[in-house]
Structure formats: C-alpha cells, structure tokens
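Let us take a guided walk through a protein, starting from a single residue and working outwards. Keep the structure open beside you as you read.

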Amino acid sequence: METVWFMIVAFMLVCYVILDGFDIGAGIVHFLVGRNEGERATVIRSIGPVWDGNEVWLLATGGTLYFAFPVLYSSAFSGFYLPLIMVLWLLIMRAAGIELRHQMDNHLWTSFWDFVFTFSSILLAIFFGAALGNVIRGVPLDATGYFFEPLFTNWGVTGSTGILDWFTVLSGIVALIALAVHGASWIALKTEGEINIRARRIVSYGWYALVVVTVLSLAAVLQVRPQLLDNYFVLPIGWIIPLAVIGSLVAIKMFNARGSERNAFLATSVYLAMMLGGAVFGLFPNVLPALDPAHNLTIYNAKAGDYGLGVGLIWWSIAIVIALGYFTFLFRTFKGKVVVEDHT
C-alpha cells in the first residue's frame with residue numbers, strides 16, 4: 001500500500017509541475033514575448049482561466065503527502081520552514097501580479113504588477129528546483145527524523161550543508177530554463193502573430209540552454225548521489241526514462257521548428273515528467289534521503305497506518321476522477337487562440 005501511495009504522490013507532483021509549470025514559465029518570459037501592455041495582457045489571458053486551478057494541484061499534493069506520509073510532512077515542513085515561507089510569499093505575489101494589474105488604467109501601476117508577476121515566477125522556479133536538489137542531495141536528518149538547514153553555509157554538498165549550494169543552485173537553474181521553455185511553448189500554442197513568433201524563438205534558443213543544463217545536472221547528480229542509479233540496474237525498465245528525456249528534447253526542437261505548437265508543448269510536458277520521474281524512480285523507496293543513510297526517511301518508516309491508507313485510496317480514487325474530469329472540461333472550454341487587444 002505504501003508503494004501505491006508513493007506513486008500517487010509522484011503522479012500528483014508531476015501533474016502540478018506540468019500544469020502550474022507553464023503558468024510559472026509564462027511569467028518568466030512575460031517581458032520577452034510581450035513588448036507592450038496589450039501583448040503582456042495577452043500573456044496573462046492565455047493562463048487566466050486556468051492558473052488558479054493549476055495551483056490547486058500543489059495544495060492537493062501537500063494534503064496527500066500529509067495523509068500518506070505524515071512523518072515526511074512534519075520533518076520536511078519544519079526543516080524547510082524558511083524556504084517554504086518564501087515560496088508562500090512568492091505564490092501570493094504572483095497571484096497579486098495577475099489579479100491586480102488590470103485594476104487601474106495606469107501605465108506605472110500595470111508595469112509594476114507585471115514586474116511582480118515576472119520576478120516572483122523566476123524565483124519560484126529557482127526555489128522549486130533547489131527544493132528538488134535538496135531532496136536528491138540529502139538533508140541532515142538526525143535520529144529523531146528532524147533537521148534544520150540555514151539558507152546557505154559554505155556552498156558544499158557535504159558536512160554542514162545549507163539549502164543553497166552549488167548543486168541545488170544548479171537544480172534551480174535547470175528548473176528555471178525548463179519552465180521558461182515550457183511556458184514559451186504554451187504561449188506559442190495559445191497565441192498568434194508576433195507573440196507567437198517570439199515565443200517560438202524563445203523555445204528555439206532556450207532549447208540549447210536546456211540541453212546543456214540537462215547534461216550538467218546529470219553529471220552533478222552522479223557526483224553528488226551516485227546511488228540514484230542503483231534502481232536502474234535492479235529494474236532495467238527504468239532506462240526508458242532517460243531515453244524518453246532524450247526523445248522529448250529531440251521532439252521539442254523538431255516540432256517547434258515545424259510550427260507544430262501542440263506537439264511541442266506536449267514534448268516539453270514529457271520532458272518535465274521524465275526528469276522528475278527519473279529522480280523519483282532513483283530515490284525509491286526513500287522519500288527524504290539523509291546525509292547519513294542510516295537516518296533516511298522511506299515509504300516504510302514515514303507512512304501512515306495501513307487501514308487509513310486503504311480507506312484513503314477509495315476516496316482518493318473518487319476525487320481524482322472528478323478532478324481530472326473538471327480539468328478536461330476546463331481546458332476544452334478555453335481551447336483556442338487568445339487575440340491581442342488594442343491597449344493604445
């Protein structure tokens with residue numbers, strides 16, 4: 001049962017990264033694709049009907065984590081208290097940037113909230129990537145299952161570690177570039193004209209950066225946590241994941257060059273899913289590795305009771321069918337291109 005819930009949490013996390021990922025990515029490239037207030041408003045409108053619904057996946061993932069692995073929830077949320085508060089404020093700022101920019105017909109007011117939207121989106125991507133880097137690297141868990149990390153120490157990955165070091169910062173840069181490409185591919189899918197051309201150009205140029213940081217991150221992971229490969233040798237079917245990463249990178253380049261916007265967006269989605277899935281596959285059965293392997297939190301010592309997990313699976317199955325039905329309806333309702341309005 002704990003393995004089932006591990007896969008459920010991983011599935012929900014992947015859904016969040018893909019769905020809210022293009023919202024965050026749209027914010028990252030907001031000023032690059034939108035050269036005036038009308039074009040930037042178009043970027044906002046391309047995510048307007050769905051961005052707040054996409055964020056619900058983050059809350060749902062946190063709630064599922066709390067239900068299925070309460071020890072992990074309590075340990076991670078106490079140890080990562082400072083960055084989680086920063087993420088909370090960034091989520092608030094991003095939402096404010098979207099909702100408040102159109103409340104006044106004033107250039108200074110609109111430009112300020114556009115900046116807030118972009119700035120918070122950039123930092124969110126970096127922080128989320130750094131969070132994944134911390135999980136892959138491991139945290140200083142003690143025998144009680146708790147830990148504390150300052151924001152940074154000596155930037156090393158051993159000894160007295162901080163939330164930010166060279167490895168977690170690299171992970172943040174990977175997330176920043178990957179979400180920027182993902183967001184630009186969404187904007188290309190939802191717009192036409194000059195915005196579409198600029199978005200596709202960002203995908204084209206960003207692809208080279210994405211290939212570079214993907215290779216660098218793989219080399220860094222093998223240096224920091226080579227044990228991540230153990231599961232791949234035990235279950236060789238896992239090698240499909242890195243092959244899918246390579247295939248998705250090729251597909252992004254090919255479909256973007258052909259102007260096949262929908263397929264390019266699907267390719268960036270597969271890339272994000274496989275990169276995250278590859279980390280999850282390698283970490284199993286750990287849910288929060290420790291710098292001292294004796295203190296690892298696993299699906300076995302962090303799980304809730306078997307009876308609760310069994311009953312919860314029934315209710316989760318009902319809820320996920322409703323949620324997937326709602327999101328299918330939502331995206332079908334708001335399909336099609338967003339037209340630039342005249343703001344002159």
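## Starting from one residue

I18 lies in helix α1. The model you are looking at is predicted, so each value here is computed from its atoms. Is I18 buried or exposed? Its relative accessible area is 18%, and buried means under 20%, so I18 counts as buried.

Which residues does I18 touch, leaving aside those up to four places away in sequence? They are H182, S269 and A273. You can also look at T268: it is 250 residues away from I18 along the chain, yet the two C-alpha atoms are separated by 8.6 Å.

## The helix around it

Now zoom out to the whole of α1, which covers residues 2–28 and has 27 residues. From its first C-alpha to its last, α1 reaches 37 Å, close to the 39 Å expected at 1.5 Å a residue. Follow the helix along and you will come to a bend of about 35° at G21.

How many of the residues of α1 are buried? The count is 21 of 27, so the helix is mostly covered.

## The nonpolar cores

The largest nonpolar core of the protein holds 84 residues, and F69 and Y271 touch the most other members. The element that gives the most to this core is α1, with 13 residues. Apart from this core lies another one, of 5 residues, and V87, L90, L91 and L124 are among them.

F69 deserves a closer look. Not counting residues up to four places away in sequence, F69 touches E2, W5, F6 and V9, along with T64, I299, A302 and K303.

## Two more helices

Helix α4 runs over residues 51–68. Its 18 residues should span 26 Å at 1.5 Å a residue, and the end C-alpha atoms are 27 Å apart, which agrees. The buried residues of α4 are W51, G53, N54, E55, W57, T61, T64, L65 and A68. They pack against α1, α3 (37–47), α5 (70–79), α6 (81–100) and α13 (306–333).

One of those partners, α6, has 20 residues. Its reach from first C-alpha to last is 28 Å, close to the 28 Å expected at 1.5 Å a residue. Which residues of α6 are buried? They are P83, V87, L90, L91, R94, A96, G97 and I98. What covers them includes α1, α3, α4 and α7. As you look at the spacing in such a list, keep a general point in mind: an α-helix has 3.6 residues a turn, so residues three or four places apart point the same way.

## A buried asparagine

N196 is found in helix α9, which covers residues 193–224. With a relative accessibility of 7%, N196 counts as buried, because the cut-off for buried is under 20%.

What does N196 touch, not counting residues up to four places away in sequence? The residues are A188, T191, E261 and K337. Of E261 we can add that it is 65 residues from N196 in sequence, while the two are 9.5 Å apart in space, C-alpha to C-alpha.

## Two details of the backbone

Loops are worth a visit too. P285 lies in the loop between α12 (261–283) and β1 (286–288). The peptide bond from F284 to P285 is cis, with omega near 5°.

W155 sits in the loop between α7 (107–137) and α8 (166–190). Its phi is positive, about 65°, although W155 is not a glycine. Is W155 buried, partly exposed or exposed? With a relative accessible area of 40%, W155 is partly exposed.

## The whole protein

Step back, and you can take in the protein with its 13 helices and 2 strands. Its C-alpha atoms fill a box of roughly 65 × 40 × 40 Å, taken along the principal axes. A compact globule of 344 residues would have a radius of gyration near 20 Å, and the protein has 20 Å, which agrees.

Of the 344 residues, 50% count as buried. The protein exposes about 16,200 Å², and carbon and sulfur atoms supply 73% of that area. Finally, consider contacts between residues at least 6 apart in sequence: 78% of them join residues at least 24 apart.

Definitions and conventions. Residues are numbered from 1 along each chain as its sequence is written. This is a predicted model: local features need pLDDT of at least 70, side-chain atom pairs count only at pLDDT 80 or more; totals for chains, interfaces and linings use all residues. Side-chain values use heavy atoms; hydrogens and water are left out. Helices (H or I, at least four residues) and strands (E, at least two) are DSSP runs, numbered from the N terminus. The expected span of a helix is 1.5 Å times one less than its number of residues. The bend at a residue is the angle between axes fitted to the seven residues ending there and the seven starting there. Buried means under 20% relative accessible area, exposed over 50%, partly exposed in between (1.4 Å probe, protein chains only). The radius of gyration is taken over C-alpha atoms; the globule rule is 2.2 Å times the number of residues to the power 0.38. Contact means heavy atoms within 4.5 Å. Accessible areas come from the Shrake-Rupley method with a 1.4 Å probe; for residues, only the protein chains shown count as cover. A nonpolar core is a set of buried Ala, Val, Leu, Ile, Met, Phe, Trp, Tyr and Cys residues joined through side-chain atoms within 4.5 Å.
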